[in-house]
Amino acid sequence: MSTNDSPEEQGGAGRPPEPPEDQETPQPAKAPETPQPPKPPQSPEPLLPPRSPEPPQSPQPPPSPEPQEPSEPSKEVPGQPEETGRQRLAAGLWPPRVSRAQLIVALLLFVLGLGLAIQVRSNSDSSALRGARQEDLVRILDELDGRTKRLEDEKQRLEDQRKELESSSNQAEEARKQTVEKERQLGILAGTVAAQGPGITLKITDPTGQVQSDQLLDTLQELRAAGAEAIQINGVRIVAGSYFSDENGGVSIDGKKITQPYEFRVIGKPQDLEPALNIPGGVVQTLEKEQATVAVTRSAKIVVDALRAAKQPDYARSSS
């Protein structure tokens with residue numbers, strides 16, 4: 001069957017005759033350019049001759065237009081699901097990208113916060129009297145008033161002595177009397193003479209052995225600050241140069257070992273000595289935390305009879 005006969009047989013009378021140029025040089029690859037009538041019947045494609053003597057090739061689909069890349073999206077790997085917004089947010093936050101300036105600012109803020117926390121804590125710890133009862137505060141104020149009054153009395157006494165020395169007709173006799181009185185007072189402070197007077201007795205019982213020398217020294221300093229004039233502990237006279245140290249099973253004072261119970265004999269004003277030991281956070285509470293028992297007893301007469309040997313100075317001499 002020839003190519004010229006096939007269109008006529010298949011198309012019938014409805015297809016117009018092809019021009020003579022098409023019969024002389026057939027071009028099977030191109031469709032006739034003559035206008036076709038509306039809705040013409042088309043011949044099936046298998047009956048068309050091959051377009052060229054080249055081997056038939058499968059028709060290639062038209063190249064799809066390449067998608068335009070967005071401004072700067074995250075490059076997705078083919079074959080992986082698209083990331084959600086939460087995943088992109090997590091990827092942007094971790095791992096953190098911290099610059100040097102941000103690190104310095106964070107360090108400064110941390111140091112500032114630490115300093116503020118330490119200051120607030122120190123202020124809260126230093127105000128130990130903030131939670132004290134009204135009775136305790138009144139007692140502390142009375143103790144301070146007592147110390148102030150003692151200092152005022154000492155000042156007035158010294159001024160009276162100066163006036164007596166200036167106005168006395170026999171200044172030498174008056175000076176001798178004051179010298180004797182001063183020697184007696186200094187002898188009490190130095191522990192070379194016995195003393196007696198009102199005061200308190202402080203007894204510390206330590207069954208667990210937790211009380212150490214530093215706690216006894218704190219007790220002594222508190223009594224001195226409250227106006228104690230003469231102190232004796234377990235037969236040892238306390239003077240300005242006394243020292244405390246720990247030993248096996250007890251405490252040593254000036255090289256002499258003492259054991260509990262520790263008994264303080266203190267001469268002074270009982271109304272000032274006892275409240276000084278019972279203030280909040282004071283001696284009594286501190287010793288009771290160590291499982292020790294503290295008993296304070298007021299007395300109208302306390303005898304301090306432990307003596308110290310008077311030391312003769314090697315080089316110092318009186319200038320009078």
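The following paragraphs lead through a predicted model, beginning with a small sheet and passing to the nonpolar cores and a pocket.

The sheet is open and consists of 3 strands in the order β4-β5-β6, with antiparallel pairing. Why is one side of β4 and of β6 left without a neighbour in the sheet? Strands β4 (244–247) and β6 (256–258) stand at the edges and each has a single partner strand, so one side of each remains free of a neighbour in the sheet. From one strand to the next, the twist averages 35°.

The pairing may be followed residue by residue. Between β4 and β5 there are 4 bridges in the antiparallel sense. Within this pair, E247 lies opposite G250 of β5, and D246 has V251 of β5 as its bridge partner. The two strands form a hairpin with 2 residues between them, and G249 in the turn has a positive phi of about 80°. Strands β5 and β6 are joined over 3 bridges, again in the antiparallel sense; here S252 has K257 in β6 as its bridge partner. Their hairpin also has 2 residues between the strands, and D254 takes a positive phi near 55°.

A helix accompanies the sheet. Helix α7 packs on the sheet and touches β4 and β5, while its direction makes about 155° with that of β4.

Attention now turns to the interior. In soluble globular proteins, nonpolar side chains tend to be buried together. In this model, the largest nonpolar core has 28 residues, and L223, I231 and F264 have the most contacts inside it. Among the elements that give two or more residues to this core are β1 (195–205), α7 (213–225), β2 (230–233), β5 (250–253) and β7 (262–267). Which residues does F264 touch, leaving aside those up to four places away in sequence? They include I200, L202 and I204, L216 and L223, and also I231 and I233. A second, separate core has 6 residues, including A195, I267, I302 and V304.

Finally, the second largest pocket has a volume of about 860 Å³. Of the 27 residues lining this pocket, L189, G227, A228, E229 and A230 are the closest to its centre. Two or more lining residues come from each of α5 (134–167), α6 (171–190), β1, α7 and β2. Helix α6 supplies the largest share of the lining, 6 residues. Helix α7 thus links the parts of this account: α7 packs on the sheet, gives residues to the largest nonpolar core and contributes to the lining of the second largest pocket.

Methods. Residues are numbered from 1 along each chain as its sequence is written. This is a predicted model: local features need pLDDT of at least 70, side-chain atom pairs count only at pLDDT 80 or more; totals for chains, interfaces and linings use all residues. Side-chain values use heavy atoms; hydrogens and water are left out. A nonpolar core is a set of buried Ala, Val, Leu, Ile, Met, Phe, Trp, Tyr and Cys residues joined through side-chain atoms within 4.5 Å. Buried means under 20% relative accessible area, exposed over 50%, partly exposed in between (1.4 Å probe, protein chains only). Contact means heavy atoms within 4.5 Å. Two strands pair if DSSP finds at least two bridges between them. Axes are lines fitted to C-alpha atoms, for helices over the stretch in contact, and angles run from 0 to 180 degrees between N-to-C directions. On a 1 Å grid over the protein atoms alone, a cavity is a set of points where a 1.4 Å probe fits but cannot get out, and a pocket is an open set with protein on both sides within 12 Å along at least five of seven lines; lining residues have an atom within 4 Å of a point. Grid points are joined across faces, edges and corners, and a volume is the space filled by probe spheres set on the points.
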